[in-house]
Amino acid sequence: MKKLAFLSAGIIILSFALSAFMVYYMSSEAVSKDKQQEYLISEHIFDAIHEEFYRPIVISRSMSINSFLQDILMNEDKYSEAEAAEKIAEYLHSIKQEMHYSTAFVASDATRRYYTENGIEKYLDPQTSPYDIWYPLFQESRKTYDLDTDRDQINDYRWTVFINYRILSPDGKFLGACGVGLVMTNLQFLFEEFESQYKVKINLIDQEGLVQIDTHAQNIENAYISEAILDNAGSEQFTYATRGLNGYRMTRYMRDLEWYLVVQGTNFGSENVMFCYIFVAITGILVLAAYFIIVSRFTKQYQNSVPEDHLEDSLTGLPTRDYLREAYGEEGVFNTTRYKSIAVFDVDNFKRTNENRNGGILLREIVNLADEYFAWKGMLLRWGDDDFVALLEMSAEDAEAKFKEFCEDAKRCFDVTISVGIAEINLSDTIKVNYYRAVQKCFAMKEKGGDGVCRI
């Protein structure tokens, strides 16, 4: 009887294993076919978006090398303000009319005039207007061009993707920036068409995971898809990652945009796999109840944990901007009166310094020095590259005095100069507004040549 029982159990187990294998094989084939379809759809979306951006990038480039525009900017002082405005406005009007873009602009580095087809719209002043911060950031980046998602201050503050292109004189001198703007609603229509047709969700995100284009306006420059950055996607093909039981995420780097394309959806083949395995599991439970009880007990001991590496900078050990965002919310306000002032500082000409020295070692040394000065009276965060933020339990006036000492020590010990911007924290303002006030002062210091402290 015992042998018969073992034989019967063996036959049942073997039959169950064979059934499970057949289900696995057939469902895997279905999943494989679905994956192929998902790759094809994502490639099609990639090509369409690339084509949508290719033309405005080419047009912005042609503007930047236009000899007429270069000549006006090089000789801007020889024209009256009205004459220069008329000439550039006429040129921009032709670009806007012929190419059908919402915005065409030129920013002069010599005069800080911001030209559109209407003439001089404003004078760029990043120290007082957050909407003008893009200009010194673009100039300092030394990029030939970049894309910037922002509110169009000139056109009713509509979300717009600006193509910013560097204008250089024949001898390589920086003259300013120019480009065109793509209205976000037009891009959203394109995304909505694909999302409706293929039942997917499409986003363009920057290299920090911040959403740049979304069909829902509230997500633009507000939501993050940080997990897509962890996929380490390249520019040659999409990476495939699973989401939950039957979801997937396709990610690919768009080199021309310096953004990532993220396509998320549901794998219907995976749904069939799930139902098949439920059927097999029910059958198996009737035969191997004891086995599944033991497995379930062990399984409960393991839980998926969310990695928190992004909350701490691996190089310096400091908290990151993600830590501040999770603690307070980027659009939130400080919920404590502990901090009285906020400082933003970075190493002057760090990229040039990094070419001749080990930048990682230098940053760690600067952080160690900053810890001696400020860790006991606040919190230091690494914001990105050589940018740092300090939340301090002291007034802006006291912080200015301490930072002047810090800058002198840094210059003496490490042969580098540091620019610092300091602002009093206003608890009625958002964290972002407080941060921008300090950033503006940091930029003001850099425009004076760096190596010092500027305080509101």
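This report describes the internal cavities of a predicted model, together with one helix that contributes to the surroundings of the largest cavity.

The structure contains two cavities of 30 Å³ or more. Their volumes and linings are set out below.

| Cavity | Volume | Nonpolar lining residues | Polar lining residues | Charged lining residues |
|---|---|---|---|---|
| Largest | about 140 Å³ | six | two | five |
| Second largest | about 40 Å³ | eight | no | no |

**The largest cavity.** Thirteen residues line this space, and Tyr114, Tyr131, Trp134, Arg151 and Phe162 are the closest to its centre. Strands β4 (145-152) and β5 (158-168) each provide at least two residues of the lining. The greatest contribution is that of β4, with four residues. Charged residues number five in this lining, beside six nonpolar and two polar ones.

**Helix α4.** Trp134, one of the residues closest to the centre of the largest cavity, belongs to helix α4 (residues 134-141) and is buried. Tyr135, Pro136, Phe138 and Ser141 of α4 are likewise buried. Just after this helix, Arg142 adopts a positive phi of about 60°.

**The second largest cavity.** The lining here is formed by Leu318, Phe345, Ile366, Val367, Ala370, Leu380, Leu381 and Phe388. By class, eight residues are nonpolar, with no polar and no charged residues. Helix α11 (359-374) and strand β13 (378-384) each supply at least two residues of this lining. The largest share, three residues, comes from α11.

Definitions and conventions. Residues are numbered from 1 along each chain as its sequence is written. This is a predicted model: local features need pLDDT of at least 70, side-chain atom pairs count only at pLDDT 80 or more; totals for chains, interfaces and linings use all residues. Side-chain values use heavy atoms; hydrogens and water are left out. Buried means under 20% relative accessible area, exposed over 50%, partly exposed in between (1.4 Å probe, protein chains only). On a 1 Å grid over the protein atoms alone, a cavity is a set of points where a 1.4 Å probe fits but cannot get out, and a pocket is an open set with protein on both sides within 12 Å along at least five of seven lines; lining residues have an atom within 4 Å of a point. Grid points are joined across faces, edges and corners, and a volume is the space filled by probe spheres set on the points. Ala, Val, Leu, Ile, Met, Phe, Trp, Tyr, Cys and Pro count as nonpolar, Asp, Glu, Lys and Arg as charged, and the others, Gly among them, as polar.
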